Amino acid sequence: MQDEYRTVARAGVHETEVNRSRFLCALAPAATEEEAQAFLAAVRKEHADATHNCFAYVIGADASVQRASDDGEPGGTAGVPMLQMLLRRDMRYVVAVVTRYYGGVKLGAGGLIRAYGGAVGEALDTLGTITRKRFRLATVTVDHQRAGKVENDLRSTGREVRDVRYGEAVTIEIGLPDADVEAFRGWLADVTAGTAGFELGGEAYGDV
């Protein structure tokens with residue numbers, strides 16, 4: 001698994017104009033290829049009168065799914081430069097749709113490549129990106145007497161507390177970088193006099 005990846009901070013649209021052609025880049029986070037396709041379908045429906053609705057998306061922290069389409073533009077002048085811009089920026093779980101309203105001036109292959117790739121780059125700059133880091137899920141089980149202090153200490157040291165459940169004991173779910181697991185075990189044993197339970201779970205990604 002990748003240690004980290006970047007994705008778009010929020011969905012949105014950024015518009016640029018090149019030689020009287022309007023380029024509207026719609027960006028959105030997409031957890032699955034189905035989500036990316038649904039977003040594409042929505043944009044196509046909204047801009048059914050546009051000259052082109054070209055797209056590119058990258059799904060998977062390791063970029064395992066990559067798709068792009070020129071939607072009628074000359075081959076390799078729209079979808080590919082859009083995809084290359086997403087990959088160059090290390091973007092994952094993201095879909096970009098660039099809608100073009102033709103303004104009457106032909107841009108040529110080089111102009112199209114710059115316009116489509118540039119529209120995606122400008123949209124990323126405008127909407128912002130976030131970095132997600134890989135971490136291990138872990139569960140801490142502690143008695144009610146010590147739970148408040150442990151939870152406060154976790155939060156004050158910047159640990160990611162994902163869930164707290166109260167039962168016979170208190171269960172606190174956290175996220176830990178792999179490199180911190182052993183040090184954390186020692187810390188937990190110290191602050192709970194060895195009474196806390198600690199169990200490692202799977203892996204996930206979280207915001208940095």
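The exercises below work through the sheet, the cores, a helix pair and some loop residues of a predicted model.

Residues are numbered from 1 along each chain as its sequence is written. As this is a predicted model, local features need pLDDT of at least 70, side-chain atom pairs count only at pLDDT 80 or more, totals for chains, interfaces and linings use all residues, and side-chain values use heavy atoms, with hydrogens and water left out.

**Exercise 1. The sheet**

Task: State the order of the five strands in the open sheet and the sense of their pairing.

Solution.
- Step 1. Helices (H or I, at least four residues) and strands (E, at least two) are DSSP runs, numbered from the N terminus.
- Step 2. Two strands pair if DSSP finds at least two bridges between them.
- Step 3. The order is E2-E3-E6-E4-E5, and the pairing is antiparallel.
- Step 4. E2 (12–18) and E5 (65–69) are the edge strands, each pairing on one side only.
- Step 5. From one strand to the next, the twist averages 15°.

**Exercise 2. Strand E6 and its partners**

Task: Find how many bridges join E6 to E4 and how many join E6 to E3, then determine which residues stand opposite Val98.

Solution.
- Step 1. Seven bridges link E4 and E6 in the antiparallel sense; for E3 and E6, also antiparallel, there are eight bridges.
- Step 2. On the E3 side, Cys25 stands opposite Val98. Val98 is also the bridge partner of Cys54.
- Step 3. Elsewhere in E6, Val94 stands opposite Val58.
- Step 4. In a regular strand, side chains alternate between the two faces of the sheet.
- Step 5. In E6, Val94, Ala96, Val98 and Arg100 point one way, while Val95, Val97, Thr99 and Tyr101 point the other way.
- Step 6. Buried means under 20% relative accessible area, exposed over 50%, and partly exposed in between (1.4 Å probe, protein chains only).
- Step 7. Eight of the eight residues of E6 are buried, so the strand is largely enclosed by the rest of the structure.

**Exercise 3. Helices on the sheet**

Task: Give the angles that H1 and H2 make with E4.

Solution.
- Step 1. Axes are lines fitted to C-alpha atoms, for helices over the stretch in contact, and angles run from 0 to 180 degrees between N-to-C directions. Contact means heavy atoms within 4.5 Å.
- Step 2. H1 (residues 33–46) lies across E3, E4, E5 and E6 and runs at about 165° to E4.
- Step 3. H2 packs on the sheet and touches E4, E5 and E6; its direction makes about 35° with that of E4.

**Exercise 4. The nonpolar cores**

Task: Identify the elements that supply at least two residues each to the largest nonpolar core.

Solution.
- Step 1. A nonpolar core is a set of buried Ala, Val, Leu, Ile, Met, Phe, Trp, Tyr and Cys residues joined through side-chain atoms within 4.5 Å.
- Step 2. The largest one has 26 residues, and those with the most contacts inside it are Cys25, Leu27, Met82, Leu86, Val98, Tyr116 and Val120.
- Step 3. The elements sought are E3 (21–29), E4 (52–59), H2 (79–88), E6 (94–101) and H3 (108–127).
- Step 4. H3 gives the largest share, eight residues.
- Step 5. Another core, of 16 residues, lies apart from this one; Val140, Val170, Ile172 and Leu188 are among its members.

**Exercise 5. The H4–H5 pair**

Task: Describe the packing of H4 and H5 by angle and axis distance.

Solution.
- Step 1. H4 (residues 144–156) and H5 (residues 181–191) pack at about 145°, with axes 11 Å apart.
- Step 2. Arg146, Val150, Asp153 and Leu154 of H4 meet Phe184, Trp187, Leu188 and Val191 of H5.
- Step 3. By class, this contact has six nonpolar, no polar and two charged residues. Here Ala, Val, Leu, Ile, Met, Phe, Trp, Tyr, Cys and Pro count as nonpolar, Asp, Glu, Lys and Arg as charged, and the others, Gly among them, as polar.

**Exercise 6. Loop residues**

Task: Decide whether Thr77 and Asp62 are buried or exposed, and state the phi of Asn19 and of Tyr93.

Solution.
- Step 1. Thr77 is in the loop between E5 and H2 and is buried, with a relative accessible area of 4%.
- Step 2. Leaving aside neighbours within four places in sequence, Thr77 is in contact with Asp70, Ala109, Leu112, Ile113 and Tyr116.
- Step 3. Asp62, in the loop between E4 and E5, is exposed at 53% relative accessible area.
- Step 4. Asn19, in the loop between E2 and E3, has a positive phi of about 45° although it is not a glycine.
- Step 5. Tyr93, in the loop between H2 and E6, has a positive phi of about 50° and is not a glycine either.
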